[in-house]
Amino acid sequence: MSPDTHAEITRLLMTYSELQDRADFVAVGALFRYGAYVIDGVADVYRGADGVAAMKQKHDRTYADGTLRTKHVTTNVIIEDDADTESARARSYYVVFQQVGGFALQAIIVGRYHDRLVRVEDAWWFRERYVYTDLVGDMSAHVDDAPMFRRSPTPLL
């Protein structure tokens, strides 16, 4: 994998976090124009720009400043080539911090992203983003009726 390709894919992963924190759900959805958003243990799969944007708009709570009052931090990024130059895989960790009035700054959820990526028209896009939740704190100020909390937790081995 070329350094340019690595940088382009890393930029896609970080752009997701930036747009999510700004609550720009239409732009978040656009990153999935050719893909799907999958939450471990949830039957629903959110497909395409409109499907992902609608899910985010329905479940993620925004505040007076128009944001989620969060910072999504993506770390431990590992990017691997697929057999061809038009697809790749990435794994990373995420931590979401949140602070709102009456809710001290704290980590509210920690997990992993497993991504399949595709190159279309000289740009990288999500083909599939699998979201795994490993640790959950107080999500009460972040989501409304989130699908990930209506499931049975995946047992850890």
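## Helix 3 and selected residues in a predicted model

Helix 3 comprises 12 residues and spans 17 Å from its first C-alpha to its last, close to the 16 Å expected at 1.5 Å a residue. Seen down the axis of helix 3, the buried residues fall within an arc of 165°, so they line one face of the helix. These buried residues are Gly48, Val52, Ala53, Met55, Lys56 and His59. They pack against helix 1, helix 2, strand 1 (36-39) and strand 2 (45-47). On the face of helix 3 turned away from the buried side, the exposed residues are Asp50 and Lys58. The structure described here is a predicted model.

Among the buried residues of helix 3, Lys56 deserves separate mention. What is the nearest side chain of opposite charge to Lys56, and how far away is it? The answer is Asp60, at 4.2 Å, and Lys56 has no salt bridge although it is buried. A salt bridge requires a side-chain nitrogen of Lys or Arg within 4 Å of a carboxyl oxygen of Asp or Glu. Leaving aside residues up to four places away in sequence, Lys56 touches Tyr16, Gln20, Phe25, Val28 and Tyr37.

Two loop residues are set out in the table below.

| Residue | Loop | Phi | Relative accessible area |
|---|---|---|---|
| Ala23 | between helix 1 (3-21) and helix 2 (25-30) | near 60° | 15%, buried |
| Arg69 | between helix 3 (48-59) and strand 3 (70-81) | near 60° | 35%, partly exposed |

Most residues other than glycine have a negative phi. Ala23, by contrast, has a positive phi in a residue other than glycine, and the phi of Arg69 is likewise positive. Ala23 counts as buried because its relative accessibility is 15%, and the cut-off for buried is under 20%. Arg69, at 35%, is partly exposed.

A further residue of interest is Arg119, located in strand 5 (residues 103-120). Which residues does Arg119 touch, not counting those up to four places away in sequence? They are Glu8, Thr85, Glu86 and Trp124. With one of these, Glu8, the side chain of Arg119 makes a polar contact, side chain to side chain, at 2.7 Å. Arg119 and Tyr34 are 85 residues apart in sequence, yet their C-alpha atoms are 9.7 Å apart in space.

Key: Residues numbered from 1 in each chain as written. Predicted model: local features only at pLDDT ≥ 70, side-chain atom pairs only at ≥ 80, totals over all residues. Heavy atoms only, no water. Helix = DSSP H or I, 4+ residues; strand = E, 2+ residues; numbered from the N terminus. Contact = heavy atoms within 4.5 Å. Polar contact = N/O pair within 3.5 Å; in protein donor to acceptor, adjacent residues only side chain to side chain. Buried < 20%, exposed > 50% of the residue type's maximum accessible area, 1.4 Å probe, protein only. Lys, Arg positive; Asp, Glu negative; His and termini not counted. Expected span 1.5 Å × (residues − 1). Arc of directions from axis to C-beta.
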